[in-house]
Amino acid sequence: MNKQLFNTTTENNLELLFQQYHIYLDSIEKNSDRRNSAVKLYITINAWLLSFLGVIVQSSKLNIITAILPVLIVWISISVIFYYLIKSYKQLNTGKFELIHKIEEKLPLNLYAYEWVVLGEGKDKNKYFPFSHIEQWLPIVLGLVYSVLLLWILIYQIIISCICK
């Protein structure tokens, strides 16, 4: 792709450039709002599945293992999907901020670029620990917990079936 960021009409028109910059900042904010909504949805789904699991275990006439197994598979699947969703939002924000930094080169102040430098560009954890790094651990940890629980249930089922023979 051989596209240029600046058109000849915007490159020398500071007012128009600033208006487009402002619109683009709004799109970044909306992207962050969608990302926050996705995190809330993931947490809500996990809480709902936990409640659903409790109801199933208490009221099911099925073997507990048979009742829990599908819920664990759904939990693991949702954790994998959420991991990639967060990764995608992180990549999108990285691209958006690269564009912001390019636009700021034409503006009087490079606020976001300078802020990133002040924060150690995400490399100095004492200055700034990127939220997306923390956020990506949530589905990993929960996915591992669900996977271990699933493995434990399968092993338990094998042991029980061997003992009963």
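Me: What volume does the largest pocket have?

Reply: In this predicted model, the largest pocket has a volume of about 790 Å³.

Me: Which residues lie nearest the centre of the largest pocket, and how many residues line it?

Reply: The lining is made up of 23 residues, and those nearest the centre are Asn 93, Thr 94, Phe 97, Trp 116 and Tyr 128. Two or more lining residues come from each of these elements: helix H2 (14-59), helix H3 (64-104), helix H4 (111-118) and helix H5 (131-135).

Me: How many residues of each class, nonpolar, polar and charged, does the lining of the largest pocket have?

Reply: Sorted by class, the lining of the largest pocket holds nine nonpolar residues, eight polar ones and six charged ones.

Me: How many salt bridges are there?

Reply: As a general idea, side chains of opposite charge can pair when their charged atoms come close. In this structure the count of salt bridges comes to two. One of them joins Glu 135 to Arg 35, with 2.6 Å between the closest N and O atoms. Because Glu 135 belongs to helix H5 and Arg 35 to helix H2, this pair ties together parts that are 100 residues apart in sequence.

Me: Is Glu 135 buried or exposed, and what can be said of Arg 35?

Reply: A residue is called buried when its relative accessible area is under 20%. Glu 135, at 5% relative accessibility, therefore counts as buried, and Arg 35, with a relative accessible area of 8%, is buried as well.

Me: Which residue forms a salt bridge with Lys 123?

Reply: The partner of Lys 123 is Glu 121, and the closest N and O atoms of this salt bridge are 3.6 Å apart. Glu 121 counts as partly exposed because its relative accessibility is 36%, while Lys 123, with a relative accessible area of 66%, is exposed.

Me: Why does Ile 100 count as buried?

Reply: Ile 100, which lies in helix H3, counts as buried because its relative accessibility is 0%. Its C-alpha atom is separated by 9.6 Å from that of Leu 111, a residue eleven positions away along the chain.

Me: Which residues make a nonpolar surface patch?

Reply: For a residue to join such a patch, its relative accessible area has to be over 30%. Here Leu 151, Ile 155, Ile 159 and Ile 163 make a nonpolar surface patch of about 390 Å². Ile 155 is found in helix H6, which covers residues 137-163, and this residue is partly exposed, with a relative accessible area of 43%.

Definitions and conventions:
Residues are numbered from 1 along each chain as its sequence is written. This is a predicted model: local features need pLDDT of at least 70, side-chain atom pairs count only at pLDDT 80 or more; totals for chains, interfaces and linings use all residues. Side-chain values use heavy atoms; hydrogens and water are left out. Patches are made of residues with over 30% relative accessible area and no salt bridge: like charges are joined within 9 Å, nonpolar side chains (Val, Leu, Ile, Met, Phe, Trp, Tyr) within 5 Å. Accessible areas come from the Shrake-Rupley method with a 1.4 Å probe; for residues, only the protein chains shown count as cover. A salt bridge is a side-chain nitrogen of Lys or Arg within 4 Å of a carboxyl oxygen of Asp or Glu. Helices (H or I, at least four residues) and strands (E, at least two) are DSSP runs, numbered from the N terminus. Buried means under 20% relative accessible area, exposed over 50%, partly exposed in between (1.4 Å probe, protein chains only). On a 1 Å grid over the protein atoms alone, a cavity is a set of points where a 1.4 Å probe fits but cannot get out, and a pocket is an open set with protein on both sides within 12 Å along at least five of seven lines; lining residues have an atom within 4 Å of a point. Grid points are joined across faces, edges and corners, and a volume is the space filled by probe spheres set on the points. Ala, Val, Leu, Ile, Met, Phe, Trp, Tyr, Cys and Pro count as nonpolar, Asp, Glu, Lys and Arg as charged, and the others, Gly among them, as polar.
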